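Please open the model in a viewer and keep the selection tool at hand. The tour proceeds stop by stop.

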Amino acid sequence: MDAALAHAVAASDDADSYRDVTEVALARQPWDQERAQRVREYLQHRTEEQYGAWIEDLAAHGLDDDVPNGDEVIFPDGYDRLPARLAAGLDIRLEHIVTHLDWSVDGVTVTTGRGSFTADDAVVAVPVGVLHSGDLVIDPPLPDPVGSALGRLEMNAFEKVVLRFPTAFWDKDVYAIRQQGAQGAWWHSWYDLTAVDGTPSLLTFAAGPAAVQTRGWTEDRVVASVLAQLRRLYGDRVPQPTHAHVTSWQDDPFARGAYAYMPVGSRLADHDDLATPIAGVLHLAGEATWGDDPATVTAALCSGHRAAANILGRSIPISALWAES
């Protein structure tokens with residue numbers, strides 16, 4: 001199926017969705033209707049878990065970066081360890097909410113609630129959702145190819161639900177728990193995070209339609225909905241969680257979603273086009289601007305290194321920049 005899907009994606013055009021290419025690939029398999037439906041449902045959930053988007057809204061090429069480069073790493077104390085290290089010794093001004101950014105070939109002026117700042121260059125590393133919101137006014141508006149690329153990308157609906165339990169009730173050495181069928185429309189996958197700090201914990205996602213429809217629910221209601229499905233699978237073995245955490249990226253005014261995705265009509269080049277330097281003074285960065293591995297922390301860091309290299313007027317290998325940081 002993966003091989004057939006790769007061929008279908010390669011033959012697709014900008015108007016095709018990921019649903020379209022999965023149907024082409026499924027039609028090439030010698031499976032009965034029940035098996036085909038199970039694979040169809042799995043691929044639908046894959047788009048939700050990878051990009052927080054409904055399969056018919058995601059572009060055919062939207063999962064081209066599905067396989068990460070290198071090891072995946074968890075930061076038990078939070079991702080802020082990365083910027084804290086990078087910020088050491090720098091003049092960092094927190095809690096300056098930027099409302100306007102004016103640019104010309106002569107430089108940039110940034111207006112905040114705590115005064116204005118003028119510089120030769122500016123790196124704009126806010127999420128696509130904020131750029132779409134209008135909360136940050138960029139004047140003049142972003143020219144092409146940056147402006148058109150931004151117009152084709154969208155922010156997703158993707159929330160994490162982490163539940164901690166007094167004891168583990170699931171089978172040993174099982175990292176992923178999955179269910180299919182109507183009951184798995186929203187809560188279909190759970191991942192064992194116990195190895196992170198030794199506390200029995202499961203992670204699941206409200207992604208795509210589930211994130212949209214549960215938006216505005218209380219944490220207790222979300223947890224109750226998740227527990228109902230776990231108890232459907234494990235019965236009375238499921239205790240009440242000792243702690244729960246539900247993210248709310250959709251309602252964060254400084255994010256407006258978790259990360260960007262390629263809707264139908266977008267192009268693979270849009271990610272990199274978004275990082276095109278503007279008038280030599282304005283440089284967009286962030287996960288959405290790194291075409292090799294968007295939607296990742298790696299992409300965010302690499303895009304920042306690229307913006308710095310552009311400002312410095314140097315061609316610096318990414319590996320060297322990583323070593324410097």
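Two strands are taken to pair if DSSP finds at least two bridges between them. The model shown here is predicted.

**First stop: the sheet.** Select strand 1, residues 98–104, together with strand 5. These two strands run in the parallel sense and are joined over three bridges. Within this pairing, select Leu101, whose bridge partner in strand 5 is Ile138.

Now extend the selection to the whole sheet. It is open and has four strands in the order 3-2-1-5, with mixed pairing. Strand 3 (115–119) and strand 5 (137–139) stand at the edges; each has a single partner strand, so one side of each is left without a neighbour in the sheet. From one strand to the next, the twist averages 15°.

**Second stop: helix 11.** Select residues 297–312, which form helix 11. How far apart are the end C-alpha atoms of this helix? They are 23 Å apart, which agrees with the 22 Å that 16 residues should span at 1.5 Å a residue. Next, colour the buried residues of helix 11: Ala299, Leu301, Cys302, Ser303, His305, Ala307 and Ala309. Just after the helix, select Gly313, which takes a positive phi of about 70°.

**Third stop: a loop.** Select Asp71, in the loop between helix 3 (33–51) and helix 4 (81–86). Is Asp71 buried or exposed? Its relative accessible area is 75%, and residues over 50% count as exposed, so Asp71 is exposed. Finally, add Gly304 to the selection: Asp71 and Gly304 are 233 residues apart in sequence, and their C-alpha atoms are 20 Å apart in space.

Technical notes:
Residues are numbered from 1 along each chain as its sequence is written. This is a predicted model: local features need pLDDT of at least 70, side-chain atom pairs count only at pLDDT 80 or more; totals for chains, interfaces and linings use all residues. Side-chain values use heavy atoms; hydrogens and water are left out. Axes are lines fitted to C-alpha atoms, for helices over the stretch in contact, and angles run from 0 to 180 degrees between N-to-C directions. The expected span of a helix is 1.5 Å times one less than its number of residues. Buried means under 20% relative accessible area, exposed over 50%, partly exposed in between (1.4 Å probe, protein chains only).
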